[in-house]
Amino acid sequence: MAVNLSKNGAALSAAYNEVVNEKSNTNWALFTYEGNSNDIRLAEKGDGGLEELVEELNSGKIMYAFCRVEDPNSGLPKYVLINWTGEGVKDARKGLCANHVSSMANFLKGAHVTVNARAEEDVEPEVIMQKVAKASGANYSFHKETSSRYQDSGPQGPVGSVYQKTNAMSEIRKTNKDNFWAQAEKEEERRRQEERRRADEERQHLEKERKDREVKEAVQRDKRDKERAVQIEEQKKYQQQQEAESKEKEKQRWEQQDQMESAQKKAGRPGESVEKANEAASLISQRTTNPRDMFKQRERGMTSDSNVPSAAPPSPQPGRLQSPFLSKNENEQAEPPQRQVSPVPTGPPSPVPVPVAEEEPVASPTVQEPKNEDPPQVEENNYEVPAEETQDRGICARALYDYEAADDTEISFDPDEIITGIEMIDEGWWRGYGPNGHFGMFPANYVELV
């Protein structure tokens with residue numbers, strides 16, 4: 001872009017006129033750009049000459065200085081134009097402002113010496129004054145001439161003449177020489193035009209190649225995107241197919257497993273029942289306390305508090321456990337009659353106490369102690385099977401109270417929930433499938449058979 005001298009034109013012209021005016025004290029003016037724009041402004045002016053001007057030059061800026069000095073030979077005023085490009089200026093800025101030198105020279109016209117400076121040694125006053133002295137063209141000063149030239153210095157030599165004989169060949173050579181240079185300038189101009197034309201054609205050719213390459217790359221990119229999209233879609237379909245097949249296989253496997261379990265339940269699996277009964281017996285034998293002992297201790301405490309025996313036969317009450325073990329114990333113990341209640345399970349959390357009803361008149365508050373304190377043994381197929389037993393679910397019972405399992409060998413249930421597949425492994429503890437399908441032991445006096 002061209003340099004802008006019109007924005008601050010009044011100030012620029014005033015400073016220039018002060019420098020060229022010999023009657024003015026101002027003998028230098030310094031110009032620079034406004035920021036990174038192309039607008040020229042007045043930076044500084046003064047009357048201290050080159051020494052003062054050099055101090056104002058900034059190594060980070062591009063500046064133009066116009067100074068009035070005195071010719072050391074003739075004593076006449078001379079004007080110096082300094083094009084200052086600091087060492088800290090960026091290369092891009094230097095290249096942009098290089099075209100402004102001619103414009104500034106036209107504005108600051110009348111300069112006898114032009115100095116292009118980049119460092120401080122280029123603008124030393126002595127160096128500049130030497131250039132001014134060389135540019136004056138004469139090594140004398142008419143102010144220093146004396147009247148000695150009017151004195152008689154003696155006889156003079158013959159006066160020479162500047163006349164030369166005209167030589168036609170010499171004149172022809174001079175004419176041809178002028179024509180030669182004119183022709184050379186024309187040829188140089190044609191060569192430059194040809195170079196510019198070739199450069200334009202090369203640039204157009206490169207631009208066309210670039211556009212063609214971009215079009216091809218765009219087509220190839222679209223093609224790759226479409227192929228990638230198709231591959232992704234095929235991969236999704238394949239994954240969906242694999243997932244559907246895996247789900248179908250999983251479903252068939254579960255159906256087969258359910259069918260096998262149903263068949264095993266229908267078959268009864270006597271071998272597994274015996275194995276589970278032996279396992280339950282071993283777990284019961286590992287308990288530190290005997291459920292029967294705990295129940296009998298509680299029974300002993302309850303019978304000691306009862307003073308009036310009942311003469312009427314036992315009658316069913318709410319919470320009465322209708323267990324086949326109770327009737328079996330009553331038949332086995334004929335004399336003396338005593339309370340027979342299923343044992344209370346052990347282990348945290350403690351189950352809710354089961355209400356106990358009187359069965360027969362108690363003649364004595366004492367409770368007959370068991371003769372054998374060994375852990376209960378597993379009895380197989382010694383219990384009555386109610387008529388409601390079905391082939392699929394086995395022996396079933398309904399929960400009367402809620403019970404929380406003490407460990408993984410027991411099951412938990414709530415009132416009115418059904419327990420299936422019951423195995424009567426002990427008088428006080430049975431084993432079966434809970435509502436959640438877990439197989440384990442539970443207290444017999446917490447349920448009633450259905």
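1. The note opens with a local contact in helix 6. The side chains of Glu207 and Arg210 meet in a salt bridge, with a distance of 2.2 Å from N to O. The model is a predicted one, and the values in these points should be read accordingly. Glu207 and Arg210 are three residues apart in helix 6 (residues 168-267), so about one helical turn separates them. Glu207 is partly exposed, its relative accessible area being 32%. Arg210 likewise counts as partly exposed, at 29% relative accessibility.

2. A second salt bridge brings together the side chains of Lys45 and Glu18, at 3.1 Å from N to O. This pair links distant parts of the chain: Lys45 belongs to strand 2 (residues 40-46) and Glu18 to helix 1 (residues 9-20), with the two 27 residues apart. Lys45 is partly exposed, with a relative accessible area of 36%. For Glu18 the relative accessible area is 25%, and this residue too is partly exposed.

3. The third salt bridge to note is that of Arg431 with Glu423, whose closest N and O atoms are 2.9 Å apart. Arg431 counts as buried, because its relative accessibility of 5% falls under the 20% cut-off. Glu423, at 17% relative accessibility, also counts as buried. Elsewhere, salt bridges that share partners join Glu188, Arg191, Arg192 and Glu195 into one network. In total, the structure holds 17 salt bridges.

4. The pair in point 3 also has a place in the strand pairing. Glu423 has Arg431, in strand 8, as its bridge partner. Two bridges pair strand 7 (residues 418-423) with strand 8 in the antiparallel sense. The connection from strand 7 to strand 8 is a hairpin through five residues. The residues Arg431 and Glu423 are therefore joined both by a salt bridge and as bridge partners, and both count as buried.

5. Which strand pairs with strand 8 over five bridges? The partner is strand 9 (residues 439-443), and the two run antiparallel. Within this pairing, Trp430 stands opposite Phe442 of strand 9. The hairpin of strand 8 and strand 9 has five residues between the strands, and Gly437 in this hairpin takes a positive phi near 85°. Strand 8 (residues 429-433) has four of its five residues buried, so the rest of the structure largely encloses this strand.

6. A separate point concerns the open sheet. Five strands form this sheet in the order 2-1-3-4-5, and their pairing is mixed. Its edge strands are strand 2 and strand 5 (113-117), each of which pairs on one side only. From one strand to the next, the twist averages 20°. Strand 2, an edge strand, is also the strand that holds Lys45 of point 2.

7. The antiparallel part of the sheet includes strand 1 (residues 28-33) and strand 3 (residues 62-70), joined by five bridges. Here Phe31 has Tyr64, in strand 3, as its bridge partner. Strand 3 and strand 4 also pair in the antiparallel sense, over nine bridges. Arg68 stands opposite Tyr79 of strand 4. Six residues lie between strand 3 and strand 4 in their hairpin, and Gly75 in the turn has a positive phi of about 75°.

8. Is the pairing of strand 4 with strand 5 parallel or antiparallel? The two strands run parallel, and five bridges join them. In this pairing, Val80 has Val113 of strand 5 as its bridge partner. Eight of the nine residues of strand 4 are buried, so the rest of the structure largely encloses strand 4.

9. The last point is the placement of helix 1 against the sheet. Helix 1 lies across strand 1, strand 2, strand 3 and strand 4 (77-85), and runs at about 25° to strand 3. The salt bridge of point 2 joins this helix, through Glu18, to strand 2, through Lys45.

Definitions and conventions:
Residues numbered from 1 in each chain as written. Predicted model: local features only at pLDDT ≥ 70, side-chain atom pairs only at ≥ 80, totals over all residues. Heavy atoms only, no water. Buried < 20%, exposed > 50% of the residue type's maximum accessible area, 1.4 Å probe, protein only. Pairing = 2+ DSSP bridges. Salt bridge = Lys/Arg side-chain N within 4 Å of Asp/Glu carboxyl O. Axes fitted to C-alpha atoms, helices over the stretch in contact; angles between N-to-C directions. Contact = heavy atoms within 4.5 Å.
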